[in-house]
Amino acid sequence: MAQLARQLYLDGAPLKEIARRTALPRPQVYYWIDREVAADGTVTLKPVARRMTPAPGVRSTALGRKHLLARLWRAAERQLDEIERRLAGAVSPEAAAAASPPRPAADAEKDARALAVLARTLRELSALEADAQKSRKVKAEDDAVRDLDTFRRELARRLDRLRADGTGAEPAE
């Protein structure tokens, strides 16, 4: 059981599933996933890196904007695939040969509205991705000025050069 608990954890099984399959209480599951049992029964301590899962109802900030955008794109693609599948079934030669009744107008109107919402969603997702790329670019440019000591030395050098040249020494009238 102990080796099975460790292997299930390494395979990514949830702790509830590991406890159910091994009949071990949860504290024992944690105990045994950090130990390896050899063929001769010898138990050695070999800790396994813990998986971090957020508490129920708590969103992880590690997921971030990129993950959320990817999920939204996948949801939009699934919706579009569903509409295409229904439309293809409504006009396919097999459907006409089967003499299936025509689709009600309400279904067609519902699909048209869904496609309009989907198009707007995709447009907004594209804009969000463009904003994210722009903000990454601005952040990279900001990081170039992060070294304040270098910035101060360069500013002092330019001010000294301006004073030496005499240009800009007098206030503008």
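**A guided tour from the H2–H3 loop**

Select Ala23 to begin; this residue sits in the loop between H2 and H3. The model on display is predicted. The phi angle of Ala23 is near 60°, a positive value in a residue that is not glycine. With a relative accessibility of 66%, Ala23 counts as exposed.

**The whole chain**

Now display the whole protein chain as a cartoon. Seven helices and two strands make up its secondary structure. Followed along the sequence, these elements come in the order α-α-α-β-β-α-α-α-α. The chain has 173 residues, of which 15% are buried. Switching to a surface view shows an exposed area of about 13,700 Å², and carbon and sulfur atoms supply 58% of this area. If contacts are drawn between residues at least 6 apart in sequence, 48% of them join residues at least 24 apart.

**The nonpolar core**

In soluble globular proteins, nonpolar side chains tend to be buried together. Which residues of the largest nonpolar core touch the most other members? Select Tyr9, Leu15, Ile18, Leu24 and Val29, which hold that position among the 13 residues of this core. Helices H1, H2 (15–22) and H3 (26–33) each supply at least two residues of the core. The greatest contribution comes from H1, with four residues.

Keep Leu15 selected and show its surroundings. Leaving aside residues up to four places away in sequence, Leu15 touches Tyr9, Arg26, Val29, Tyr30 and Arg51. Two of these partners, Tyr9 and Val29, also appear among the core residues that touch the most other members.

**Arg6 in helix H1**

Move next to Arg6, which belongs to helix H1 (residues 2–10). Is Arg6 buried or exposed? Its relative accessible area is 8%, and because buried means under 20%, Arg6 is classed as buried.

Show the side chain of Arg6 and look for the backbone oxygen of Ile33, which the side chain reaches at 2.7 Å. A wider selection around Arg6 brings in Trp32, Ile33, Asp34, Arg35, Glu36, Lys46 and Val48, all of which Arg6 touches when residues up to four places away in sequence are not counted.

From this group, pick out Glu36. Arg6 and Glu36 form a salt bridge whose closest N and O atoms are 3.9 Å apart. Glu36 lies in strand E1 (residues 35–37) and Arg6 in helix H1, so the pair ties together parts that are 30 residues apart in sequence. The two partners fall into separate accessibility classes: Glu36, at 27% relative accessibility, counts as partly exposed, whereas Arg6 is buried.

**A salt bridge within H2**

The structure holds six salt bridges. For another of them, select Arg20 and Glu17, whose side chains meet with an N to O distance of 2.7 Å. Both residues are in helix H2, three residues apart, and are therefore separated by about one helical turn. An α-helix has 3.6 residues a turn, so residues three or four places apart point the same way. Colouring by accessibility shows Arg20 as exposed, at 59%, while Glu17 is partly exposed, at 27%.

**Helix H7**

Finally, select helix H7, which covers residues 148–165 and has 18 residues. From its first C-alpha to its last, H7 reaches 26 Å, close to the 26 Å expected at 1.5 Å a residue.

Within H7, show the side chains of Arg157 and Glu154. They form a salt bridge in which the closest N and O atoms are 2.5 Å apart. Here too the partners are three residues apart in a helix, which places them about one helical turn from each other. Arg157 is partly exposed, with a relative accessibility of 45%, and Glu154 is partly exposed at 26%. Add Arg158 to the selection: salt bridges that share partners join Glu154, Arg157 and Arg158 into one network.

The last stop is the residue that follows H7. What is the sign of phi at Gly166? The value is positive, near 85°.

How values were computed:
Residues numbered from 1 in each chain as written. Predicted model: local features only at pLDDT ≥ 70, side-chain atom pairs only at ≥ 80, totals over all residues. Heavy atoms only, no water. Buried < 20%, exposed > 50% of the residue type's maximum accessible area, 1.4 Å probe, protein only. Polar contact = N/O pair within 3.5 Å; in protein donor to acceptor, adjacent residues only side chain to side chain. Contact = heavy atoms within 4.5 Å. Core = buried A, V, L, I, M, F, W, Y, C linked by side-chain atoms within 4.5 Å. Expected span 1.5 Å × (residues − 1). Areas by Shrake-Rupley, 256 points an atom, 1.4 Å probe, with all protein chains shown as cover. Salt bridge = Lys/Arg side-chain N within 4 Å of Asp/Glu carboxyl O.
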